[in-house]
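Work through these exercises with the structure open beside you. Try each task before you read its solution.

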Amino acid sequence: MCPPADDTQINGVNGHTNGTNGSRSEFVGVDITRATPRQSRNPYQPVGDFLSNVSRFQVIESTLREGEQFANAYFDLDKKIEIAKALDEFGADYIELTSPAASEASRKDCEAICKLGLKSKILTHIRCNMEDAKIAVETGVDGVDVVIGTSSFLREHSHGKDMAYIKKTAIEVIEYVKSKGIEIRFSSEDSFRSDLVDLLSLYQAVDKVGVNRVGIADTVGCASPRQVYDLVRTLRGVVSCDIEIHLHNDTGCAIANAYCALEAGATHVDTSVLGIGERNGITSLGGLMARMIAADRDYVKSKYKLEKIKEIEELVAEAVAVNIPFNNPITGFCAFTHKAGIHAKAILANPSTYEIIDPSDFGINRYIHFASRLTGWNAIKSRAQQLNIEMTDAQYKECTAAIKRLADIRPIAIDDADSIIHAFHRNIVAGKTNPAGSVLLPNMTDKERKALEEKMQEDAAVPEKRALDEVVDDQVHTEKVVKKAKANGIAA
Ligand code: HCA
Ligand code: CU
């Protein structure tokens with residue numbers, strides 16, 4: 001069970017009338033911001049667990065490696081530098097780059113990024129062989145991520161090597177890279193479809209020769225959170241080095257799986273911006289931040305510049321010609337938009353009621369979507385006050401009814417709702433007895449006007465009909481009571 005949220009209040013409304021930070025004019029909502037941080041204590045704080053690294057994880061940002069394997073990706077050196085600098089500013093612990101053995105341009109780009117002097121450590125990602133390792137250490141990287149397929153699928157149909165060969169070569173490469181004073185990680189591709197005994201004995205062997213990290217990769221995105229927890233937990237008992245996790249998102253579990261891996265003792269999570277990578281990609285950087293801030297806000301805020309997420313996602317989205325998905329954690333265009341009247345009312349009173357993440361932690365605003373038939377009078381009151389219109393609560397309610405009536409006939413935009421509020425208010429000021437009566441929109445079709453008229457008549461008839469129903473109900477009730485009384489031998 002979750003403890004109740006605290007009682008920090010929203011302290012104002014501002015003047016934005018369109019969507020995410022003003023960038024989507026078609027969006028219907030009103031922006032409300034809060035100056036004070038909402039949560040002094042996080043109700044979702046994970047329970048204490050000696051294995052868990054939820055409060056001390058590191059990010060290995062692989063947009064410039066796994067992300068380069070995304071179908072639409074092509075990054076020239078300038079774009080790579082722009083992305084690397086943005087990730088560095090964000091506070092990525094590591095930035096992983098495509099293997100310098102992949103192409104001459106990849107090698108040169110790798111060298112150029114190493115020379116930027118970024119705070120993030122620079123890694124490159126290579127196959128498990130000495131030729132690649134030699135090229136990698138010459139580029140000036142801080143570390144090398146080595147990978148080789150260990151599942152029977154990959155051993156038979158990809159590189160064709162057996163476990164004994166893999167172990168021998170891995171040790172050779174690790175010792176070589178270490179001798180150059182460079183960090184080294186060893187990872188098995190397709191870990192979840194590899195033989196567990198083979199895998200553990202391989203990791204034990206590389207741990208013994210001093211590898212800095214071992215990596216588990218869900219290359220095909222088949223693992224469930226529980227399987228991830230179990231494998232990482234088992235591995236944690238076998239090796240003493242750090243554990244990295246790399247998770248594909250084929251079944252939509254990449255963020256949840258990363259979280260479970262951290263709970264089980266993993267230390268490093270691979271991410272890419274927007275999750276781009278092979279097929280539908282891997283754990284997304286923004287999604288991971290959303291998950292982790294819900295677990296340990298202080299840690300996440302102290303380490304990462306979260307307000308950079310939006311611009312980094314926009315940078316990468318533009319570079320690979322995709323849109324930011326509507327349901328993206330944090331930056332999806334309606335990620336902090338509240339629509340139904342009940343939600344809007346509670347959010348206006350205290351945002352913790354319907355938000356586990358404070359959008360201001362990411363430099364983003366929340367919105368109340370008030371131009372719809374699901375709206376409520378609290379949202380309309382808040383909007384009217386933004387427009388400097390003051391009315392009584394009864395008038396706000398009547399005005400809300402007018403907006404809902406119109407929104408029942410056709411979708412309405414912010415501008416439409418605003419027009420109704422203004423017209424309604426003008427009618428009040430003019431002393432009209434029925435201020436909702438002549439509230440029309442300038443762009444209504446004849447069909448819509450007719451439908452609205454019918455609706456107004458229906459609505460006007462409702463109190464009469466209700467009164468009639470009550471009389472009938474009363475009569476039925478009285479008859480029933482009399483009948484019952486008679487049946488019981490009691491005179492009416
Ligand atoms: C790849 C495979 C990889 C490697 C992951 C890792 C995967 O595309 O080369 O190095 O841990 O998903 O297995 O991305
Ligand atoms: Cu991958």
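**Exercise 1. The ligand shell**

How many residues surround ligand 1, and which are the closest?

*Solution.* Keep in mind that this is a predicted model.
Step 1. Count the shell: 13 residues surround ligand 1.
Step 2. Name the closest: they are Val147, Ser187, Ala217, Thr219 and His246.
Step 3. Look for the elements that give two or more residues to this shell. They are strand 5 (143–149), strand 6 (183–189) and strand 7 (213–218).
Step 4. Sort the shell by residue class. Two residues are nonpolar, seven are polar and four are charged.

**Exercise 2. The barrel**

Find the order in which eight strands close into a barrel. Then follow the pairing of strand 7 with strand 8.

*Solution.*
Step 1. Trace the barrel: the order is 2-3-4-5-6-7-8-9, and the pairing is parallel.
Step 2. Check the turn between neighbouring strands. Ignoring direction, it is 25° on average.
Step 3. Go to strand 7 and strand 8 (residues 242–247). Six bridges join them, and the two strands run parallel.
Step 4. Pick out one facing pair: alanine 217 stands opposite histidine 246 of strand 8. Both Ala217 and His246 were listed among the closest residues to ligand 1.

**Exercise 3. Helix 1 against helix 11**

Decide whether helix 1 and helix 11 are roughly parallel or roughly antiparallel to each other.

*Solution.* Two packed helices are described by the angle between their axes and by the distance between the axes.
Step 1. Take both values. Helix 1 (residues 77–90) and helix 11 (residues 309–319) pack at about 160°, and their axes are 10 Å apart.
Step 2. Apply the cut-off: angles over 145 degrees count as roughly antiparallel. Helix 1 and helix 11 are therefore roughly antiparallel.
Step 3. Add the handedness: the crossing of helix 1 and helix 11 is left-handed.
Step 4. List the contact. Helix 1 brings Lys79, Glu82, Ile83, Ala86, Leu87 and Phe90, while helix 11 brings Ile312, Leu315, Val316 and Ala319.
Step 5. Class these residues: eight are nonpolar, none is polar and two are charged.

**Exercise 4. Helix 5 and its surroundings**

Which strands does helix 5 lie across? Which residues of helix 5 meet helix 3, and which meet helix 6?

*Solution.*
Step 1. Start with the strands. Helix 5 (residues 163–179) lies across strand 5 and strand 6, and runs at about 160° to strand 6.
Step 2. Turn to helix 3 (residues 130–137). Its axis and that of helix 5 come within 10 Å and cross at roughly 15°. Helix 3 and helix 5 are therefore roughly parallel. Their crossing is right-handed.
Step 3. Read off that contact: Met130, Ala133 and Val137 of helix 3 touch Glu172, Val173, Tyr176 and Val177 of helix 5. Six of these residues are nonpolar, none is polar and one is charged.
Step 4. Move to helix 6 (residues 196–208). Helix 5 and helix 6 pack at about 25°, with axes 10 Å apart. So helix 5 is roughly parallel to helix 6. Helix 5 passes helix 6 in a right-handed crossing.
Step 5. Read off the second contact. Helix 5 uses Met163, Ile166, Lys167, Ala170, Ile171 and Ile174, and helix 6 uses Asp198, Leu202, Ala205 and Val206. Eight are nonpolar, none is polar and two are charged.

How values were computed
Residues are numbered from 1 along each chain as its sequence is written. Chains are lettered from A and ligands numbered from 1 in the order in which they are written. This is a predicted model: local features need pLDDT of at least 70, side-chain atom pairs count only at pLDDT 80 or more; totals for chains, interfaces and linings use all residues. A residue is near a molecule or strand if its C-beta atom, placed from the backbone, lies within 6 Å of it. Helices (H or I, at least four residues) and strands (E, at least two) are DSSP runs, numbered from the N terminus. Ala, Val, Leu, Ile, Met, Phe, Trp, Tyr, Cys and Pro count as nonpolar, Asp, Glu, Lys and Arg as charged, and the others, Gly among them, as polar. Two strands pair if DSSP finds at least two bridges between them. Axes are lines fitted to C-alpha atoms, for helices over the stretch in contact, and angles run from 0 to 180 degrees between N-to-C directions. Two residues are in contact if their C-beta atoms, placed from the backbone, lie within 7 Å. Angles under 35 degrees count as roughly parallel, over 145 as roughly antiparallel, 65 to 115 as roughly perpendicular and the rest as oblique. A crossing is left-handed if the near helix is turned anticlockwise from the far one by less than a right angle, and right-handed if clockwise.
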